[in-house]
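Student: Could you take me through one part of this model closely, namely the place where the ligands are held? I would like a connected account rather than a list.

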Amino acid sequence: METLVVDHPLVAHKLTVLRDVNTDSPTFRRLADELVTLLAYEATRQVRVTELTVETPVAPARGVRLAQPYPLVVPILRAGLGMLDGMTRLLPTAEVGFLGMVRNESTLQAETYATRLPEDLSGRQVYVVDPMLATGGTLAAAIQFLFDRGADDVTALCLLAAPEGIAYMDKVFVGSGRPIRLVTAALDERLNEHGYIVPGLGDAGDRLYGVV
Ligand SMILES: O=P(O)(O)OC[C@H]1O[C@H](OP(=O)(O)OP(=O)(O)O)[C@H](O)[C@@H]1O
Ligand SMILES: O=c1cc[nH]c(=O)[nH]1
Ligand SMILES: [Mg+2]
């Protein structure tokens, strides 16, 4: 998996506050939203565009606009919803598909409880958003689902990633022939015995929306 860890002092600053156990939920939501916009700037470098000409008040100017079909943004519920607005702010013409997935905290296996996105994703660029890439089980299952619907260009945006999750993604998709990109704000040290990212930020969904 082609991985980019965004190295920028603003990203580092916002991520530090996000990690802080004393950061309340409203602040956490705002920072997640701000961070995804910064990550999206890098993640969309390869977004497809078509060339066109516009008239400035002075002369014709060559430019570009997003190509159709427009990108599809896929937040993985629940925590991925905290990254959706930041993404669509930068890509206002993007469509949005939803994947509801939850990790069974005993087995660490991902379970899918909701799918609401186009049947045919051939030719679509897809941006998956989920704050946490831990064991990688959730993201791998999400991307396999997208591949099964025809997607062949998938970029994942995660606030934090663990080395174990990246290694798992590489193992699952080795030789798949379909490139997968990851853009993250930080690559943390490891997972603990409960599958949580260390040092991480805790349970992203709970910090955004409350403990379930
Ligand atoms: O890489 P993995 O080991 O699969 O773990 C990562 C997943 O865990 C979290 O979601 P969670 O299952 O807590 O659901 P939630 O968003 O409803 O809180 C997170 O948002 C990822 O989707
Ligand atoms: O550290 C982790 C791992 C999985 N899910 C989270 O929300 N946090
Ligand atoms: Mg959770």
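Tutor: A pocket, as the word is used here, is an open set of points on a 1 Å grid over the protein atoms alone, with protein on both sides within 12 Å along at least five of seven lines, and a molecule sits in a pocket if more than half of its atoms lie within 2 Å of its grid points. The model is a predicted one, and in this model ligand 2 sits in the largest pocket, while the space taken by ligand 1 is the largest pocket as well.

Let us begin with ligand 1. It is surrounded by 16 residues, of which the closest are Ala79, Arg103, Asp130, Thr135 and Thr138. By class, this shell divides into seven nonpolar, five polar and four charged residues. Its polar contacts involve both backbone and side chains: a polar backbone atom of Arg103 is 2.7 Å from an oxygen atom of ligand 1, a polar side-chain atom of Asp130 lies 2.5 Å from an oxygen atom of the ligand, and an N or O atom in the side chain of Thr138 is also 2.5 Å from an oxygen atom of ligand 1. On its own, ligand 1 has 500 Å² of accessible area, and the protein covers 93% of it. Two or more residues of the shell come from each of strand S6 (98-103), strand S9 (132-133) and helix H4 (137-148), with S6 giving the most, namely three residues.

Turning to ligand 2, the residues around it are Arg103, Met132, Ala134, Gly195, Tyr196, Ile197, Gly202, Asp203 and Ala204, and by class they comprise five nonpolar, two polar and two charged residues. Three polar contacts with backbone atoms can be described here: an oxygen atom of ligand 2 is 2.8 Å from a polar backbone atom of Ile197, a nitrogen atom of the ligand is 2.8 Å from a polar backbone atom of Gly202, and an oxygen atom of ligand 2 is 2.8 Å from a polar backbone atom of Ala204. Taken alone, ligand 2 exposes 240 Å², and the protein buries 89% of that area.

Two residues link these descriptions to one another. Arg103 is listed among the closest residues to ligand 1 and again among the residues around ligand 2. Asp203, which belongs to the shell around ligand 2, also coordinates the magnesium ion (ligand 3) through two OD entries, at 2.5 to 2.8 Å. The place of Asp203 is in the loop between strand S13 (197-198) and helix H6 (204-209).

Definitions and conventions: Residues are numbered from 1 along each chain as its sequence is written. Chains are lettered from A and ligands numbered from 1 in the order in which they are written. This is a predicted model: local features need pLDDT of at least 70, side-chain atom pairs count only at pLDDT 80 or more; totals for chains, interfaces and linings use all residues. Side-chain values use heavy atoms; hydrogens and water are left out. A residue is near a molecule or strand if one of its heavy atoms lies within 4 Å of it. A polar contact is a pair of N or O atoms within 3.5 Å; within protein, one must be able to donate a hydrogen and the other to accept it, and residues adjacent in sequence count only if both atoms are side-chain atoms. Accessible areas come from the Shrake-Rupley method with a 1.4 Å probe; for residues, only the protein chains shown count as cover. On a 1 Å grid over the protein atoms alone, a cavity is a set of points where a 1.4 Å probe fits but cannot get out, and a pocket is an open set with protein on both sides within 12 Å along at least five of seven lines; lining residues have an atom within 4 Å of a point. Ala, Val, Leu, Ile, Met, Phe, Trp, Tyr, Cys and Pro count as nonpolar, Asp, Glu, Lys and Arg as charged, and the others, Gly among them, as polar. Donors are N, O and S atoms within 2.8 Å of the metal (3.2 Å for Na, K and Ca); water is not among the atoms, so sites may look incomplete. Helices (H or I, at least four residues) and strands (E, at least two) are DSSP runs, numbered from the N terminus.
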